[in-house]
Amino acid sequence: ANGRFDAFDTSLAGVVGRAKYDGAVALGDRIYFAPYSQDNVGVFHAATNIFSTLSTRDGYYNALGPYKYSGAVAVGSKVFFAPCDEEHAGVLDTDTNRFAVVRSGVAPAADGAAAAPTAVGSVPDGGSRFKGAAAIGNTVYFAPFNLGVVGVLAPAAPPSPPPAPSP
């Protein structure tokens with residue numbers, strides 16, 4: 001099949017260097033790129049052909065440095081990023097454009113916050129834990145790369161309703 005291959009400049013959004021992103025997922029009319037060596041999530045607006053970025057700084061935990069995430073998957077309005085050299089999964093809420101991390105070993109709370117960190121496992125060379133992501137329903141799976149485990153990010157249970165008042 002013949003087609004047309006176009007290219008759109010990312011440097012206008014301040015994105016330069018090598019190994020920028022590693023993986024992408026479409027959600028609505030936007031493509032979200034997993035930050036590999038960039039300190040931001042890349043966003044391509046297909047309707048306008050404009051490339052922009054969203055910071056990986058969440059106000060509490062900064063996902064900075066090289067080889068952060070490798071792979072992306074959408075669940076509802078959230079995009080999850082497979083942790084490569086990062087110890088924790090990344091999550092972008094596309095309703096608010098807010099990036100956060102989900103601490104490994106701990107399910108996220110209903111409000112998107114997470115409990116204290118627990119390491120998912122160390123890798124002898126210090127990185128490349130997972131590469132690739134997939135979802136079944138609301139559960140996200142990360143493909144093992146240098147770890148001998150499949151990463152599973154299950155949604156948190158909804159809070160229990162308060163008890164009914166006594167008569």
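His45 sits in strand 3. The model is predicted. Is His45 buried or exposed? His45 has a relative accessible area of 16%, and buried means under 20%, so His45 counts as buried. Leaving aside residues up to four places away in sequence, His45 touches Asp29, Arg30, Ile50 and Ser52.

Strand 3 also feeds the largest nonpolar core, supplying at least two of its residues. That core has 14 residues. Which of them touch the most other members? They are Tyr32, Val41, Tyr69, Val79, Phe81, Leu92 and Phe99. Each strand in the table supplies at least two residues of this core.

| Strand | Residue range |
|---|---|
| Strand 2 | residues 30–35 |
| Strand 3 | residues 40–45 |
| Strand 5 | residues 69–75 |
| Strand 6 | residues 78–83 |
| Strand 8 | residues 98–102 |

A second core is separate from this one and holds 13 residues. Among them are Val73, Val75, Ala89 and Leu153. In soluble globular proteins, nonpolar side chains tend to be buried together.

Now the whole chain. The protein has zero helices and 11 strands. From the N terminus on, the order of elements reads β-β-β-β-β-β-β-β-β-β-β. Of the 167 residues, 35% are buried. Take the contacts with a separation of 6 or more: 38% of them join residues 24 or more positions apart. The accessible surface is about 9,400 Å². Carbon and sulfur atoms account for 55% of that surface.

Definitions and conventions: Residues numbered from 1 in each chain as written. Predicted model: local features only at pLDDT ≥ 70, side-chain atom pairs only at ≥ 80, totals over all residues. Heavy atoms only, no water. Core = buried A, V, L, I, M, F, W, Y, C linked by side-chain atoms within 4.5 Å. Buried < 20%, exposed > 50% of the residue type's maximum accessible area, 1.4 Å probe, protein only. Helix = DSSP H or I, 4+ residues; strand = E, 2+ residues; numbered from the N terminus. Contact = heavy atoms within 4.5 Å. Areas by Shrake-Rupley, 256 points an atom, 1.4 Å probe, with all protein chains shown as cover.
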